[in-house]
Every structure is written in structure tokens, then in C-alpha cells.
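Q: Got a minute to go through this one with me? I'd like to poke at some residues and see what turns up.

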Amino acid sequence: MIKNIKYKPAIFFIFLNMLIIGFCESMKGVFVSQFKQIFEISDSSIGFMFSISVFGYIISTYAGGILCSRFGQKKILIFSTMIIGVSYLIMSIAPTFTILLISVFITNIGTGLQAISVNSISPILFVTYGTILINLTHFFYGFGVSISQKFSGYMILKNYTFRDIFFINSGLMLVSILFIIFIKFPRVEPITIQLNIYKTLKNKLVLLFIFAQGLYVFSEIGFLNWFVNFAQTSYDFTIDKATHYSAIFFLVFTLGRLTGGFVVHRLGIKRSMITYLSMSLILFWSGYLFKSNFIILISLSGFFFSIIFPTTITMIGETFKENTSYIMGLILSFVSIINMLMNSLMGILSSSLSPYIAFSLIPIALSLSLLFYANIFKKIETL
């Protein structure tokens, strides 16, 4: 298999970069209690922070599709990595919550540019074994997330603060930049995009992808952002115990991505997606409804979350052959809007009702996502 793959250094860099991004960017949820204590803010303010971060992601994923088409993915990767590194440095010295919000906003501009760069270069890099390699790409992201959950929980127990950790993260971004400068990427000819958002959004498949992926992404990011807070406030878990269950979720999530590409390659996209989404729903709802004694079921559902996002990226690439970067950027921008609104709603419900009730938004969104994916498969029978 390896012998048939071109641009091996670029692919290995993408794997390494996704690991670093996953490790660094997934820590904010673990530090929620520190943010609330240090800046004296409520859950609704935390919800606003997650929403403003997604707003930065929205802007950059839409612009990123255009920028990648004009300047190439390598230049955008270098630029976005610099932005993320600087934002982590600002975060590490933020004296007020407002400065923290600004740094989080800047971070997500960088990560949005990274996401569209990686996702739009993947169909070019992964001409052979596409579903396997794109799932492996996101496996490394999940692996980074899994490591970060336990690592950051351990560091908190050792009396390190978010300032210390994000200062370290800024150094990791510098290492990533040094790698990418010397890596050769496939040459992508610049093209001029005819911007027509309204025409693109009239395509029913585009809308179905937006809602299906948007609701799923909220389920995944909502877990990452809110699970530790949910476990601490609903069940009086310690930070160590809460991050333990969070780490299990992302460990099995990572294992799912390691094996998921082979499953999709063998069973096909439709059967794999419906099976994995259905199993994730059964486990998540069971773990939620049966409360703390069965919370491990929520963690185990992570295995079946694993293939949904990367396989959807493959589906978009196969469905929209022209202006792929632009359409993917547009879809991801609206996906992020849904994620932003749902995270904001979760913060409001957590403050006004309870974190337990608010957390039900995750399995509800996952249920609706399954319905939208089922409609996509009705319209694209070849997947």
C-alpha cells in the first residue's frame, strides 16, 4: 500500500500536524472550571466564549476555501500555523476575560484555515486509498485530543494553569512551522472562483450536508467543550475522574478512526455511516438516561463517532467535483454556524435550567443528524 502513495513526506506532515492541533486545541473544555474561577464568569459566559470561537472558525473556513484556490494549501498552512501560535501566546498572558475571548477568536481563525487547507488538499494527496487515508488523518487529530484530555487533567492536579499549558502549545506551533517549510506539496494551479453563495445554497444536497454535518459536529464539539463541566456539576465528579471518562471517549474515538477507514473501504460509505451513527445514538442516550452508573456508555459511544466527519469530507469531495475547495469551505462555514448556535444555547440552558438538561442537546442533535444523513443517501444512491 505504502509504495503506491505519492507525496509521502507531505502526508506524514499532515498526520503530525493534525496530532499537534488536536492536542493543543482540545484543552479549553478541561480548563472551563479554571476560566470560571480566575475570570469570575458563569456558564453562559463560557457558552459565549465557545460561540465566539466558532464565529472565527466560520469566517476562516469560508475565506479559506477561496484563499486555498488562489494561493495553494501550503502557504495557507504556514500562515494559519503562525496565527495559532501567536494566539496561544496571547492566551497564556491574558489578564482579562475579554483578552481571552480575543485570543480564542484568533485561534479559531487559524484552525479554520488549517481545516480547509487539510481537507481540500486531502483528495489530491489521497488519490489512492482515499477513505483509509483521510480517516487516518483524522485519527491523528483524535489521538492528539485523547492525549490532551488526560495530560491537561494531570497538569491541573500538579497545579499548572491554562497559562502554562498554552505557552507550551505556542512552542509546538513553532515546531510545526519549521517542519512545513521544508515539505513539498503537490502543485495546485490557482483558479478564479465565481462567488455565488445563493446559487450554491439552492442545491438541496448542499443544505442536507450542512444540517447533517452541522448537527453531528455540534455533538462531537459539544462533548469536548461541556462533558467535564457536566460530569463535575451533575455527578460531583472530581476533575481527575471527569477527564478520565473524557479520555476514554477520545481513546476509543481514536481507535475508531484508526480502523474506520478500512471498515468504510470494505462496507461502503452508506452502510458504515448509518451503522456507526445508530450505534453512537444507542450508547449515548443509554449513558445519559441511566446517569452516573452508566456514564461509561457515553465514553464508549466515541468509537462510533469516529468516522462521521472524515467520511463526510470524502462524500463532499465525491459529490461536488468542481470548485471543491469553495463548496467545502461554504459547507463548513454553515456547519460552524450551527455549532456556534447550539453551543450558545447549551450555555444558556446550563445556566437557566441545569447542566444535566443542557447536555441532552448532544444526543438530540445526533438523532437529527442521522435523519439528514439518511436523506442524503436517498439522493446519492452510489455512495
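What follows is a chat about this predicted model, going from charges to the core and then out to the loops.

Q: Let's begin with charges. How many salt bridges does a search of the whole structure find?

A: The search comes back with 1 salt bridge. R257 pairs with E220, and their closest N and O atoms are 4.0 Å apart. The pair connects distant parts of the chain: R257 is in helix α10 (residues 239-267) and E220 is in helix α9 (residues 204-235), 37 residues apart.

Q: And are R257 and E220 buried or exposed?

A: Both R257 and E220 are buried.

Q: OK, on to the greasy stuff. How many residues are in the largest nonpolar core, and which have the most contacts inside it?

A: That core has 118 residues, and L100 and F359 have the most contacts within it. Helix α9 gives the most to this core, with 18 residues.

Q: What is F359 in contact with, leaving aside its neighbours within four places in sequence?

A: With those neighbours set aside, F359 contacts F223, W226, F227, F230, F284, Y288, I298 and M346.

Q: Let me try L277. Where is it, and what does it touch beyond four places in sequence?

A: L277 belongs to helix α11 (residues 269-289). Not counting residues up to four places away, L277 touches I308, L366, L370 and Y373. There's also S367, which is 90 residues from L277 in sequence, yet their C-alpha atoms are 8.4 Å apart in space.

Q: Why does L277 count as buried?

A: Because its relative accessibility is 1%, and the cut-off for buried is under 20%.

Q: Now some polar ones. What does the side chain of S60 reach?

A: The S60 side chain gets to the backbone oxygen of N108, at 3.4 Å. S60 sits in helix α3 (residues 43-71). Leaving out neighbours within four places in sequence, S60 is in contact with N108, I109, G112 and L113.

Q: So is S60 buried or exposed?

A: S60 is buried, since its relative accessible area is 2%.

Q: What about N119, which helix is that in?

A: N119 is part of helix α5 (residues 97-125). N119 is buried, with a relative accessible area of 2%. Apart from residues up to four places away in sequence, N119 touches H138, F309, I313, M328 and L332.

Q: How far apart are the C-alpha atoms of N119 and H138?

A: They're separated by 9.9 Å, with N119 and H138 being 19 residues apart along the chain.

Q: Switching to the surface: which residues form a nonpolar patch there?

A: L16, V175 and F179 make up a nonpolar surface patch, with about 230 Å² of accessible area together. V175 comes from helix α7 (residues 162-181). V175 counts as partly exposed because its relative accessible area is 37%.

Q: And F372, where is that one?

A: F372 is in helix α17 (residues 361-379). F372 counts as partly exposed, at 25% relative accessibility. Beyond four places in sequence, F372 is in contact with L208, F211, A212 and L215. The C-alpha atoms of F372 and F209 are 7.7 Å apart, while the two residues are 163 apart along the chain.

Q: Before we finish, backbone angles. What is phi of E40, and what about D236?

A: Phi of E40 is near 55°, which is positive in a residue other than glycine. D236 likewise has a positive phi near 55° without being glycine.

Q: Why flag a positive phi at all?

A: Because most residues other than glycine have a negative phi.

Q: Fair. Where are E40 and D236?

A: E40 is in the loop between α2 (32-39) and α3, and D236 is in the loop between α9 and α10. E40 is exposed, with a relative accessible area of 73%. D236 counts as exposed too, at 67% relative accessibility.

Q: Last one: where is K202, and is it buried or exposed?

A: K202 is in the loop between α8 (197-201) and α9. K202 counts as exposed, since its relative accessibility is 70%. The C-alpha atoms of K202 and F377 are 18 Å apart, with their positions 175 residues apart along the chain.

How values were computed. Residues numbered from 1 in each chain as written. Predicted model: local features only at pLDDT ≥ 70, side-chain atom pairs only at ≥ 80, totals over all residues. Heavy atoms only, no water. Patch = residues over 30% accessible without salt bridge, like charges linked within 9 Å, V, L, I, M, F, W, Y side chains within 5 Å. Areas by Shrake-Rupley, 256 points an atom, 1.4 Å probe, with all protein chains shown as cover. Salt bridge = Lys/Arg side-chain N within 4 Å of Asp/Glu carboxyl O. Helix = DSSP H or I, 4+ residues; strand = E, 2+ residues; numbered from the N terminus. Buried < 20%, exposed > 50% of the residue type's maximum accessible area, 1.4 Å probe, protein only. Polar contact = N/O pair within 3.5 Å; in protein donor to acceptor, adjacent residues only side chain to side chain. Contact = heavy atoms within 4.5 Å. Core = buried A, V, L, I, M, F, W, Y, C linked by side-chain atoms within 4.5 Å.
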